[in-house]
Amino acid sequence: MKKLAILITAVIFASCSSDLESLNENIKDPLAVPGESLFTGAQKNLVDQVVDLNVNNNNTKLWAQYLQETTYTDESNYDQVTRTIPEKHWSVMYKDVLKDLDEAKKVIEATTYTTAELEALKPNKLTIIEILNVYTYANLVETFGDVPYTEALDIDNLLPKYDDAETVYKDLVARLTAAINALDESTESFGSADRIYGGDVALWKKFAASLKLRMGILLSDVDAAFAKTTVESAVATGVFTSNADNASYTFLGSDPNTNPIHDNLVLSGRKDFVAAVTIIDIMNALDDPRRPLYFTPIDDGTYVGGNIGETSNYATHSHVSAQVEEATFPGILFDYAEVRFLLAEARARSFEVGGTAKEHYDAGITASILDWGGTATEAADYLAQPNVDYDLSILASTATTPWKEVIGTQKWIALYNRGLEAWTSIRLLDYPLMATPTDAVSGFPNRYTYPIIEQSLNGTNYSSAASAIGGDEAETQLFWDLN
């Protein structure tokens, strides 16, 4: 009997011990994250960073002089250091976008799906991941210059070398071409996990071709022959043909999945920004129908912008419109209006993309007005103005290259709320002219300076990269920015 009691006690003890160990198991969180979820997260991180207005994260809407700070004017005066903005952009793009895309790729490649139909979607998923990889790396090159590329994302290499920016950019074009050719439009991809196109492969192909067009145009001044081939190939593949093709991320109505601007301007309760005098003065002079779509008027019905680099009273200046502040206002990575302006640039450079520069210019303006909520009549009336009409504006321009001023100004207006791409367009075309901030700490920023943490932890490679691009300065022109 005593032996039996001991045996029972031992069994109970063993059982209790097993139960106690199981208490340490996390039964609420998954043991592994699906590749599709990692892809969705990378998409959101990318769009959030591109759209964001928070001065700690993204200053390009200030540098494109769409907006002006009301109280704290450091960023309007080109201060990149106090808030270490370059480090934030670098971290988001590498860690929160590229690394998540890399992990999504690895998980999807390793996953055996439950049906043949689901397994057949794998190639398209991997190709769409590749397209977003190209988009993100291209942005890093356009922003910093030489960046880690061939040795990036390797967890065992904490000190990656920097690669030559032009070499990287051209390699990205080759990767994008391969991705376009690999997409299979006869089947699907991510479905609802894709917050941009809902898994529509045909739209991803148009996006990739449009991105290739943009990248080709950016190389026009540094390698015209390569640019021409790239642009014409992209157009032959099939770029955006209407606003229905826009790469538009769907935000939700509640935090933390709202448009970041809603968080910046509404949920925060802060009044940190007003319209900038640069865009307001240009739009006022053109009697632009997008003014009430972009900004709010002041009490007398006029539109007033804050002086660049100076404090501005919130109540006496225009600020962003109610629709821009909406929680569900879409985040745009690329739109049809931009494509038509890129095609106008292509024709002005004598690339064979069909149509005329004027036709593409007119279509770009019209697409922008309609997409923002204006009417076809407003667009037609606007285009009929002598100071908007393409041919008359070319004749009136005193610029060395008139089409750069004419196309560049209207493209910049259409890119409102898309600071990163507007900043790139300004650097490429040199129009419109930006005002000099009151207390500028540098010349116009032609690039983000390298993150301070790179100087501290990856000093040898940082020093080589800084030397290769001509110095780690805000004013250093990148390889494609020759004029």
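1. A helix, as the word is used in this note, is a DSSP run of type H or I with at least four residues, and helices are numbered from the N terminus. In this predicted model, Asp96 is found in helix α4, which covers residues 85-110.

2. The surroundings of Asp96 deserve a look of their own. When its neighbours within four places in sequence are left aside, Asp96 is in contact with Ala42, Asn45 and Ser91. Asp96 and Asn59, by comparison, are separated by 37 residues in sequence, and their C-alpha atoms lie 19 Å apart in space.

3. Helix α2 takes in residues 35-51, and its length can be checked by simple reasoning: at 1.5 Å a residue its 17 residues should span 24 Å, and because the C-alpha atoms at its ends are 24 Å apart, the expectation and the model agree. The helix is also mostly covered, since 14 of the 17 residues of α2 are buried.

4. Turning to open spaces, the largest pocket has a volume of about 590 Å³. It is lined by 20 residues, and those closest to its centre are Trp90, Tyr94, Leu158, Pro160 and Glu454. Two helices, α4 and α20 (452-457), each supply at least two residues of this lining, and the largest share, six residues, comes from α4, the helix in which Asp96 is found. By class, the lining of the largest pocket divides into eleven nonpolar, three polar and six charged residues.

5. The second largest pocket has a volume of about 290 Å³. Of the 14 residues that line it, Leu286, Asn387, Ser393, Glu405 and Thr409 lie nearest its centre. The elements that give two or more residues to this lining are α11 (277-285), α17 (390-396) and α18 (402-414), and of these α18 gives the most, with four residues. The lining of the second largest pocket is made up of eight nonpolar residues, five polar ones and one charged one.

6. Closed spaces are a separate matter, and the count comes to four cavities of 30 Å³ or more. The largest cavity has a volume of about 110 Å³, and its lining consists of Val50, Tyr135, Ala138, Asn139, Glu142, Leu211, Arg214, Ile332, Leu333, Arg418, Leu420 and Glu421. Two or more of these residues come from each of α6 (122-144), α8 (201-218), β6 (331-334) and α19 (419-429), with α6 providing the largest share, four residues. Seven residues of this lining are nonpolar, one is polar and four are charged.

7. The second largest cavity holds about 60 Å³ of space. Its lining is formed by Glu142, Tyr169, Arg214, Ile217, Leu218, Leu342, Lys411, Glu421, Thr424, Ser425 and Leu428. Both α8 and α19 supply at least two residues here, and the largest share, four residues, is that of α19. In terms of class, the lining of the second largest cavity has five nonpolar, two polar and four charged residues.

8. A reader comparing the two cavities may note that Glu142, Arg214 and Glu421 line the largest cavity and that Glu142, Arg214 and Glu421 also line the second largest cavity. Helices α8 and α19 likewise appear among the elements giving two or more residues to the lining of the largest cavity, and each of them supplies at least two residues to the lining of the second largest cavity.

How values were computed: Residues numbered from 1 in each chain as written. Predicted model: local features only at pLDDT ≥ 70, side-chain atom pairs only at ≥ 80, totals over all residues. Heavy atoms only, no water. 1 Å grid on protein atoms, 1.4 Å probe; cavity = no way out; pocket = protein on both sides within 12 Å on 5 of 7 lines; lining within 4 Å. Points joined across faces, edges and corners; volume = space filled by probe spheres on them. Nonpolar A, V, L, I, M, F, W, Y, C, P; charged D, E, K, R; others polar. Contact = heavy atoms within 4.5 Å. Expected span 1.5 Å × (residues − 1). Buried < 20%, exposed > 50% of the residue type's maximum accessible area, 1.4 Å probe, protein only.
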